[in-house]
Structure formats: structure tokens, C-alpha cells
Amino acid sequence: MTEPTDIPMEEPGIADTEWGALDADETARIDVSANAGQAAGKVFGGQNTYTMYIGTPIADREMPHTKLSDEFLKECKRTYVDPGFIDANGQHHTLEGAKGHLHKTGAVILVTDPGNGAETSAMRLLAELPGIERKVVYDVPNRILQDTLPTEPRAGYLLSLDTADPKVIEKLSLSFMSYVRTIKDCGSFLVLCLTAEHWRELQAGATELVFTLPRPDSRQVLASRLSAAGISAGPWLGNTSLHRLWADKPPRAVARLAALIVDARKSPSQSEKSDEQITNDVLAAYHNWRDNLEKWFADESNTTEARLFLLATAMLEAEPAPQVVRAAEALAQALGDQSAISSGFSGPGAHILATAIEATISSDGCVAFDKPAYAPAVLSFALRDRSSSFRRDVCHWIARLPRLNGYPRQRIAVSTAHLLLDVAEQHTDLGLVTAVAIDWAKATGMRQAGVDLIASAALRPGIGPRLRERMGQWTREGASAALLSVVASVCGGQLMDYYPTYALRRLRALSLDSREQVADAVIDAVVSTWTRPAQRQELLTEIVAWLASGTQEQGAVALPALTAIRAASGAHFLDFITDFSHQQSVSAAVARACDEPSLRPRLPALIDGWLEDCSESPARTERVVAVLSGAVRIEPADVRRLIFLEKLLFRWQPVSADEVRPDRRRLRDLAQESLHHADPLITR
């Protein structure tokens with residue numbers, strides 16, 4: 001990558017002591033509350049709308065981000081532009097015509113170039129279907145390969161395959177029409193979004209379902225965005241200075257311009273400006289204020305104090321002036337120039353510094369720029385063409401901002417995350433996000449905020465694919481344990497909701513790492529994944545395989561993970577793991593745990609839990625006994641396996657306690673008898 005380069009991830013983070021004391025219940029948290037890939041809210045055509053919180057847990061663990069809320073779909077209707085739907089015969093249809101076709105066939109395929117709003121049109125179609133639960137499915141390879149695409153009754157599915165593996169398309173083509181019939185039979189609906197290239201690969205006799213979407217009219221996109229924000233579109237559509245920024249441009253570019261116009265028109269600082277001045281501000285903001293900043297930084301009369309205050313204001317816009325001055329002082333210290341800003345009488349005050357950077361201090365004492373979208377432009381410009389050491393020092397300073405006063409400031413962490421993600425998205429530069437996230441992850445009480453920042457970036461359409469690729473690279477190259485533990489937590493968190501196939505594959509690779517910090521994070525990620533019912537079958541198959549036939553490192557992760565899941569789920573987990581379809585593999589896993597000295601000490605806790613959970617259920621008892629006796633039969637047969645399991649039974653229910661718990665005695669004796677019947681030395 002050319003400069004500015006990503007910051008090396010192996011650099012040490014900020015020491016816990018630099019963040020000050022943190023109460024036990026103070027854990028910074030950033031959650032992404034969004035519908036992945038949706039277009040309404042901020043950006044049109046495949047972009048994500050992000051609302052970030054700290055200290056708020058995810059309320060719904062059952063794939064929360066794949067459900068399309070009525071509120072979101074209402075916003076989608078307000079800003080939607082009908083691009084026209086062209087069928088395989090070249091006939092043009094409106095949204096109403098496409099909706100009628102969806103009702104008739106149960107499925108439609110929308111084909112267009114990336115960024116033209118296929119997913120937005122799909123969601124608009126689903127919004128017209130009453131009485132159904134609408135869901136988005138993004139990560140589908142394993143589901144397709146295992147013939148387990150969703151088929152819930154009375155549901156509307158948006159299936160996006162814009163970035164699918166060609167093998168997935170090939171596999172889907174063999175069963176797609178059968179899947180469509182299944183969807184229709186259960187009273188559900190499917191909208192499949194494809195690129196033209198993928199449509200050529202799919203075909204599958206589905207020509208009657210396909211509609212090609214042209215690019216939406218850019219004039220209408222701009223008008224709908226402005227009207228939805230309560231701004232008269234006419235003057236802006238007739239503004240010749242801005243015409244070239246939206247005419248014949250893709251929806252994403254037009255939406256960005258609309259957002260800048262909205263910011264400029266609704267900002268309090270713009271109320272006294274003429275239309276021409278506001279237009280100039282929008283033009284400058286569209287180009288990231290490049291000319292303005294080049295001129296300002298070239299002006300030698302703008303002192304070091306002012307430059308530090310400019311960057312501090314960019315990071316802490318709308319914060320009280322003393323807080324911004326304190327941040328500027330901290331930046332000077334981070335850059336090794338402690339004399340650059342003085343908080344005493346010898347230095348300039350906040351009002352003088354605000355004037356120098358063309359900012360204002362409001363009546364409530366908060367600093368803000370007079371220019372729309374100026375903060376991300378300042379941060380981008382300040383780090384452009386700078387040395388790696390300078391960028392690294394600035395990143396460490398940014399990471400300290402939420403705890404600058406010695407206690408966590410939720411609002412600052414949220415605004416910092418927003419700004420870093422916006423800059424990263426605009427410049428496709430992951431360095432800022434990853435460096436700050438790792439520093440947060442290493443600091444007391446800030447780890448989850450770092451995890452959520454990485455997760456937020458991994459879900460962004462512009463930088464998400466690159467970051468997910470980078471996470472794989474970190475895993476393959478054996479990055480620091482601190483970094484890989486963050487990757488594991490990300491995969492067991494929000495990423496599992498959006499991209500379960502990718503997340504499980506990443507956890508599988510991380511399970512090979514022998515470092516304790518990474519192993520512990522993988523165990524936690526597995527337990528977190530278990531709270532998502534949609535992922536349980538695939539997760540269980542995965543971790544049982546780690547224990548049955550994986551490496552020693554994978555076994556050391558799988559066994560405590562299974563034990564932790566059992567502790568959290570009780571008998572319900574037992575129903576899953578002893579189901580007939582899993583019995584053979586679970587028996588193999590138990591056999592291996594018995595045979596390997598490194599795993600053997602961890603097995604009693606799991607077996608004790610199973611025996612406890614099945615003691616009052618004959619059906620569960622039968623399945624647990626079948627698993628244990630099956631473990632004795634697993635080749636290569638070893639009588640020591642039987643002896644070890646028998647010892648576990650008598651450890652769980654010793655003879656001395658038989659009179660007190662006759663129910664447990666009966667279960668122990670039944671299991672012991674079954675083990676002896678399965679003894680290969682007897683049965684052969």
C-alpha cells in the first residue's frame with residue numbers, strides 16, 4: 001500500500017496505568033445497531049447505516065441485524081427511487097408490476113451492477129408484503145452447500161450474492177428452482193440480488209423470475225434525499241455549480257452530496273450565510289476541504305498551538321473548550337513537544353485558538369467548526385503524507401481521548417469511533433481504525449470498545465471486505481496474541497450475525513493457536529456463538545470435530561468450550577449434543593479426550609454435567625449412555641478408556657452415597673453395564 005500506510009499492529013499499546021482507575025462495572029462498549037448493507041438512513045445503494053452506542057448490550061441474540069424493522073422500511077419508502085424493472089423480454093415494469101410478479105411466483109431475481117441499489121429495491125419490494133417477517137441473508141456458502149437455506153413460513157428473504165464465491169453460485173444453480181418452490185409452498189417470499197456476471201453463471205431455468213435494474217435517475221435520487229430531510233430540492237437541482245457532482249453519478253455519490261447539503265443547510269453556523277456561500281461550502285466539503293486546508297497549513301502565521309488545537313477540535317467537536325485544550329496539550333506531549341501549548345497565562349486561550357482555526361465557541365462553551373464535514377477532512381489531511389512514527393503517535397493520542405480525564409467518557413468514545421470509521425471508509429485506510437482498536441483492547445475496561453470498533457469496520461461495505469481479508473492475514477501470519485484475541489471476539493460477536501460462515505472459518509483457524517490468550521478468546525467466542533440459535537447446529541458440528549479429530553490445540557479449546565456451553569444451557573444443550581445425528585462424532589470426541597493425557601483432566605466436568613442433566617429423564621439417559629458406550633467402541637479400542645469412564649461414573653456417584661441418592665445409583669449402574677457390554681475385549 002502507498003502512503004499513508006497502515007500502522008504496524010505489533011506496536012505496544014497504551015499501558016493500563018495511562019488510562020486511570022476504572023470501576024469494575026465500567027466497561028466501554030460500542031454496538032452496531034444496523035441492518036447490514038441497507039441503504040436507507042444515510043447512504044443509498046448498498047451502504048450501511050450505523051448507530052453506535054457504548055454500555056448498551058445487544059438485546060436480541062437471534063440474528064438481530066438481519067431483521068428488517070418496520071421503522072427502517074418506512075424510511076426506505078421515503079427515499080426510494082423506482083429505477084424501473086426490465087424483464088427477460090425487455091419489457092419495462094414499475095415497482096407495482098414487480099411486486100405483483102413477486103406475489104405470483106414467490107421469488108424474483110434482481111440483476112444490476114454493484115452500487116446501483118439492488119438491495120434497496122429488494123427491501124422496497126419486501127416492504128410491500130404485509131404480515132411477514134423480513135430478513136436479510138448475506139453469508140450463505142455453507143448454508144447452500146448443506147442445503148439449509150432458510151425456509152421459515154411467512155417470511156420474506158433478501159438473499160444477497162454480490163460477493164459470493166463462484167462455487168456457491170454453481171452449487172445454487174443445481175437446486176435454485178427447487179428452493180423457490182419450497183419458499184412458495186411455505187408462504188414465504190425471496191428476492192435474490194445478483195450481479196450480471198453471477199446471473200450468467202446461475203441461469204437455472206429462472207429466466208421468468210429475473211428483472212434487470214438500470215441505475216436510478218440521479219436527479220430523482222438527489223430530490224428524494226433532500227425532500228426526505230425537509231429541504232426544497234428545486235434550488236439545489238438548478239444549482240449549476242453543483243450539477244456536475246450529481247448528474248449521471250452513481251447513487252452512492254449522489255447520496256453523499258445530498259448528506260452534505262443537508263448538513264450545510266441545517267447547521268446553525270450556516271444560518272447567516274448566503275446561498276452562494278453555502279454552495280461553496282458544499283463544494284469544498286465534497287472535495288474534503290483540500291484547497292482550504294492546504295492554504296491554512298501553508299500559512300506560517302498559523303502557530304503550532306493552533307495546529308494542535310485544530311486536530312483536537314476535529315476529534316472532540318462539540319465538546320467543552322477546556323476539554324479540547326486539554327486534548328491539544330496531550331497531543332503536544334504525545335508528539336514530544338511539551339512546550340507547544342501552555343495552559344497558563346503564557347499561552348493563547350481557547351477563544352483565540354478557536355478564531356485561528358475558524359471555529360466558534362457556543363454560549364454553552366463548546367467548540368465547533370463553521371464548516372460542514374470539516375472534522376473528518378482535518379483528520380485525513382493532518383495524517384496525509386506523514387511519517388509512520390507521527391501517525392503512530394497520533395493514533396495513541398486518539399486512543400487516549402475517551403479516558404483523558406482518568407475515567408471513561410462514553411460520548412467521546414462513540415464520536416471517536418464514528419470519525420475513524422468515516423475517514424477509513426472514505427480513504428480505504430485501515431490503519432487508524434485497527435491501531436486505535438488494538439490500543440483500546442489492551443486498556444483496562446476498554447477491550448470491548450476495541451472489539452466493537454473492529455467489528456464495525458468489518459461490516460462497513462467500503463472497508464469491510466479488506467478488513468475481513470486482513471483478519472485472515474493476521475491469523476495466518478501468527479500476529480500478536482492480543483490482536484488475535486480481538487479477532488476471535490469479533491468473530492464471536494456481531495460478525496457472526498452477518499457473516500457466520502466467515503466467522504466460523506476464522507474461529508477454526510484461531511483454534512490452532514496454542515497461546516492461552518487466544519485460546520481463551522476462542523472459547524468465549526464459541527460460547528457467544530451458541531447464544532445464536534441459527535448457528536448452533538453448524539457450531540456444534542465444528543467444535544465436536546475439533547475435539548474428535550483436530551489438533552491438540554483444537555482439542556484444548558473444544559473441551560472447555562463444550563463444558564462452558566453445557567454450564568450455560570443445561571439439559572437443553574444435552575438434547576443437541578446427544579441427538580442421534582451427532583452421537584457417533586460425540587462418542588469419538590469423548591474417546592479422544594479419554595486417550596490424550598492433556599485433555600483427560602478436563603473431561604470429568606463435562607461428563608459430570610451430562611450425568612446431572614439426564615438423571616431425571618429416561619430419554620436423555622438413554623442418549624448419554626449411548627454416547628459413553630460408543631466412546632468405548634471407537635477404534636483403536638483401548639480397555640483403559642473403559643476403566644477411565646468407569647472411574648468417572650463412580651466419582652460422580654460414589655458407592656458411599658448410594659443410599660442417599662438411589663436415582664443416581666441406578667443411572668451409574670446402567671451406564672457401567674453399558675460400558676462393559678461395549679468393551680471390545682468382551683465383544684470380540
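These legends walk through several close-up views of the structure above.

The model is predicted, so local features need pLDDT of at least 70 and side-chain atom pairs count only at pLDDT 80 or more, while totals for chains, interfaces and linings use all residues. Residues are numbered from 1 along each chain as its sequence is written, and side-chain values use heavy atoms, with hydrogens and water left out.

**View 1. The whole chain: 34 helices and eleven strands.**
Helices (H or I, at least four residues) and strands (E, at least two) are DSSP runs, numbered from the N terminus. Of the 684 residues here, 56% count as buried. Buried means under 20% relative accessible area, exposed means over 50%, and partly exposed is in between (1.4 Å probe, protein chains only). Now for contacts, meaning heavy atoms within 4.5 Å. Among the chain's contacts with a separation of 6 or more, 73% are between residues 24 or more positions apart.

**View 2. An open sheet of seven strands.**
Read across, the strand order is E4-E3-E9-E5-E8-E7-E6, and the pairing is mixed. Two strands pair if DSSP finds at least two bridges between them. As a reminder, strands of a sheet pair through backbone hydrogen bonds, either parallel or antiparallel. Which strands stand at the edges? They are E4 (92–93) and E6, and each has a single partner strand, so one side of each is left without a neighbour in the sheet. Helix H2 (residues 95–105) lies across E3 (85–87), E4, E5, E8 (189–194) and E9 (210–212), and H2 runs at about 135° to E5. That angle is taken between N-to-C directions, on a scale from 0 to 180 degrees, using axes that are lines fitted to C-alpha atoms (for helices, over the stretch in contact).

**View 3. Strand E6 at the edge of the sheet.**
Take a look at E6 (residues 133–137), where four of the five residues are buried. Its pairing with E7 (residues 155–160) is parallel and has five bridges. One pair to find is Arg 134 with its bridge partner in E7, Gly 156.

**View 4. Strand E5, with both faces covered.**
How many of the five residues of E5 are buried? The count is five of five. Ala 107, Ile 109 and Val 111 sit on one side, with Val 108 and Leu 110 on the other. E5 runs parallel to E8, and five bridges join them; Leu 110, for one, stands opposite Cys 193 in E8. E5 also pairs with E9 in the parallel sense, over three bridges.

**View 5. Zooming in on Val 111, a residue of strand E5.**
Val 111 is buried, with a relative accessible area of 5%. Its bridge partner in E9 is Thr 212. Leaving out residues up to four places away in sequence, Val 111 touches Leu 194, Thr 195, Ala 196, Trp 199, Val 210, Phe 211, Thr 212 and Leu 213. Ala 196 is 85 residues away along the chain, yet the C-alpha atoms of Val 111 and Ala 196 are separated by 5.7 Å.

**View 6. Helix H7 (residues 218–228), mostly covered.**
Eight of the eleven residues of H7 are buried. They are Ser 218, Val 221, Leu 222, Ala 223, Ser 224, Arg 225, Leu 226 and Ala 228. What covers the buried residues of H7? The cover includes helices H1 (70–79), H8 (234–237), H9 (240–246) and H10 (251–266).

**View 7. Leu 603 in the largest nonpolar core.**
A nonpolar core is a set of buried Ala, Val, Leu, Ile, Met, Phe, Trp, Tyr and Cys residues joined through side-chain atoms within 4.5 Å. This one has 172 residues, and those touching the most other members are Leu 379, Trp 397, Met 471, Leu 603 and Trp 610. Not counting neighbours within four places in sequence, Leu 603 is in contact with Leu 559, Val 590, Ala 593, Cys 594, Phe 644 and Leu 648. Apart from this core lies another, of 26 residues, including Leu 68, Met 123, Leu 129 and Phe 211.

**View 8. Ser 587 in helix H29 (residues 580–595).**
Is Ser 587 buried or exposed? Ser 587 is buried, with a relative accessible area of 3%. Beyond residues up to four places away in sequence, Ser 587 touches Ala 626, Val 627, Gly 630, Ala 631 and Ile 634.
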